[in-house]
Structures are given as structure tokens and as C-alpha cells.
Amino acid sequence: MLEIITGHPGFRILNDKKKPTSVSPQTIEEMAYAPLPQGWQCYMSPQGRKYYVNAYTNETTWERPTSAPGTPKSPISQMNSLPTVNGFHSSGSLSHHSETSHMALRKTSSDPQSPGVGSPTRRQNKESTITINCVTFPHPDTMPEQQLLKPDDWSYCDYFWADKKDPQSNSTIAGFDIILVKQLKGKQMQKEMAEFIRERIKIEEDYAKNLAKLSQSPLAGLEEGTLGESWTQVKKSLADEAEVHLKFSSKLQSEVEKPLLSFRENFKKDMKKFDHHISDLRKQLSTRYATVEKARKALAERQKDLEFKTQQLENKSTYKTEEDIKKARRKSTQAGDDLTRCVDLYNQTQSKWFEEMVTTTLELERLEVERIEMIRQHLCQYTQLRHETDMFNQSTIEPVDKLLRKVDPNRDRESWVKEHKTGHIRPVDMEL
């Protein structure tokens, strides 16, 4: 009796359950080097383990088949694992996969003694895979080891396959949407940085205008001597400093603010395109999953109808009952074919979604690194301009410092006396 397991990524065939018999070590060694019996072919599972398929009987086993009598064959309980990119066995093909599934379904449905596939299939499926929001994952209790696509990189393509519950509602958020929100937030932060630099530019411009205005002030303009020269230089340095800050603000605008605003102007448009693409694939996957469930239900109903008519035949053998059984078998076979086709289409759609998720998340990683590196470079440019501004400001102060060191009250007094003296003859006492 054959059992059909309809778990992801495709049907798996369990061979007839037989009681194992003892095999000598010598027989096992001979089996390892003997050629495969006629009709048997060897394949490799995603876990790297060999399994064997009989092309005539569709029997599948982990044990290497041999013509020696009494050789036990262990049924395959788990053939697939989620990490395969294309959703099928690594050494198999879609045609082989579909062909064996069709054969297995036909043999099961045509066997009057075979049980309905509804209950055993679902129970076994739950032991090997679990479907969450129409995406099929390995069951946690039987999950095979999976290698990360980009080990040690903490890449988006490795950690966002499942959906996450929204803490603010009862709905869920797709893993890809979480990544997308982060990208949009990063772009918003970039825009706010540009606004911050814009405010800095405005402060510099206002400061420069005020310095230029203050440099024209007549206050203390009548100071004379070396101190007067120093004071004049102080006011002139304000005008020079104002020019430095105007140049600083101009460079901030052209070398920092503008690049931040103009970098990837179509960013939101690109993110929207990625979002629509992945969302459409996810919707297609949901539709395929609903079709699989519908086909599985239809197959269960056909199997149930076949069992019912078979029981009628056992109770009362009539030509009409035999015709009904033949019709029921044809319908059951057709339902099995439909289910196989639906599962294949579901697996193809999920594989497409998987591939697009990987390529899209890697592209988002690349864009994110590019954006962060661009911002870092322009902030470094900001600090460089700031250092240059400080240097220019220092250069405007140096003449003031130089003149202040030359301030000499005695010499100032000498110069002033020479210019304004009224006479050096001092008065004397009056005579009688």
C-alpha cells in the first residue's frame, strides 16, 4: 500500500512498509559496490543523502537496492528541505517530480483498500512542514539544518522570511515590509540632515551680515595712536570674518546640503516599485495556496466517495456498482492530477518569491550602504570646511594680535604731544 505525502515542496512517496530482516556485514559490503538492479536510479536529497527510486514501481528508499533476497528497505520519511532555491530535490527535475507524483496518486486512488488521503496526508504533512500565512516552512520539530545564504553578514536575505505580529494591531507585517520601512526611514533621516545643514547655513549667513554691519560702526572711531590703529584693525577683521562665513555658508550649500537633497531623487519611487513587485508575488502565492487547499479537499472527497462505493460493491456486487467505482476512480485520479498540478504551481510561485526576495533584499542592502557612505563623506566634508573656516578666522585675528603687541602708551603720548603741544616754557613766579 502506498501513502502520498503532499507537503512542500512536492509529494513524497513512501514505499510499502515491510518488516526488516537481518543482513550480514558481508552482504552489506557487496551491496555497496554492486550495480543497481534494473529500473533503479540514484538521486541526492537536499541534505546530501542518497536515495533510490524504482522507475517501474515508484518505490523510494534510503537503502541501496539489491537483488539479494532479504535486503531491508527503509522508507523515506523526509525528502525535502526548504533551503533548496528552486523548491525541488537538488538532483531531480520538475518532470521527474511531477511524473512520480502522478503515478503515486493513480496507484493510491485505484487501490480499493487504500485509505483516504485527507487525514494521513495532513497529519504527516504537519510533521514535516508548517504553513504560515501561505508560506511553507520546515516544521520546528523536524527542521533540517539550514545554511545561511550569507554567513556572518547578518544579511537581510537570511532573517526576514517570516511575518511579524504588529504590536499595535492584530495584523501581521511581512518581513520584507519591515526592511522597506527601515529604508524609507533612512531616506527621511537623510532629508532631515539636509534641513539641519540648511539651518546651519542660514545661521552663517545671518552671522556674516551682522559682522559686516558691525564692522561699519563708528563707535570708538576717534581713538588715536597705536591703540586706535589696533581698534581699526579689530573692525576690519570683522569684515574679513564676515567674508569667511559667507564663503563657508556657500560651500555648505553646494558641497553638503545639495548632495544630500539630490542623492537618489527617485528613491521613494524605487522603493514603491520593489514593494509592489514583492507584494504581487506574495498575493500570487496566497492564491496558489488557496488553490492547493481546494484541490486537496476535492481529492479527499473523491477518495471518500471511492471508499463508499467500494464498500457498496463488497456488500452487493452489481454491474452498476462496478461502473460507479470506475467513474469514482477516474474522478479520484483526476483530482489527484489536479492536486499535483496545483502543488507544482504553488512551489514554482514560492520559488519565484524566494528568488526575488533574495535579490531584492540584497539590492536594498547595497543601496543602504551606498546611502550611508555618501552621508558619511559629506559630513566629513562639513567638518573639513569647518576647520578651514576656523583657520581663516584665525588669519583675520592675527593682524589684530600683532598690532596689540605694539601698543605703547608712552609712544602714543609722545606722538600726541608733538602734534598738539602748545609750548614747553613753564610759568614762573611773579616779581615785585
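**Exercises on a predicted model: helices, salt bridges and exposure**

R366 counts as partly exposed, at 40% relative accessibility (buried means under 20% relative accessible area, exposed over 50%, partly exposed in between, with a 1.4 Å probe and protein chains only). The model is predicted, so local features need pLDDT of at least 70 and side-chain atom pairs count only at pLDDT 80 or more, while totals for chains, interfaces and linings use all residues. Residues are numbered from 1 along each chain as its sequence is written, and side-chain values use heavy atoms, with hydrogens and water left out.

**Exercise 1.** Find the salt-bridge partner of R366 and state how they are placed in their helix.

*Solution.* A salt bridge is a side-chain nitrogen of Lys or Arg within 4 Å of a carboxyl oxygen of Asp or Glu. R366 meets this with E370, where the closest N and O atoms are 3.7 Å apart. Next, both belong to helix α8 (residues 319–405), and because they are 4 residues apart, about one helical turn separates them. Helices are DSSP runs of H or I with at least four residues, and strands are runs of E with at least two, numbered from the N terminus. An α-helix has 3.6 residues a turn, so residues three or four places apart point the same way. E370 is partly exposed, at 30%.

**Exercise 2.** Analyse the pair R376 and E373 in the same way, then name the network that includes R366.

*Solution.* The closest N and O atoms of R376 and E373 are 2.7 Å apart, a salt bridge. The two residues lie 3 apart in α8, about one turn. R376 has a relative accessible area of 44% and is partly exposed; E373, at 32%, is partly exposed too. Salt bridges with shared partners join R264, E363, R366 and E370 into one network.

**Exercise 3.** Compare the exposure of R296 and E293, which form a salt bridge.

*Solution.* Their N-to-O distance is 2.6 Å. R296 is buried, at 9% relative accessibility, whereas E293 is partly exposed, at 24%.

**Exercise 4.** Check the length of helix α6 and locate its kink.

*Solution.* The expected span is 1.5 Å times one less than the number of residues. For the 38 residues of α6 (225–262) that gives 56 Å, and the end C-alpha atoms are 55 Å apart, which agrees. A kink of about 35° is centred on Q253; the bend is the angle between axes fitted to the seven residues ending at a residue and the seven starting there. Just after α6, R264 takes a positive phi of about 50°.
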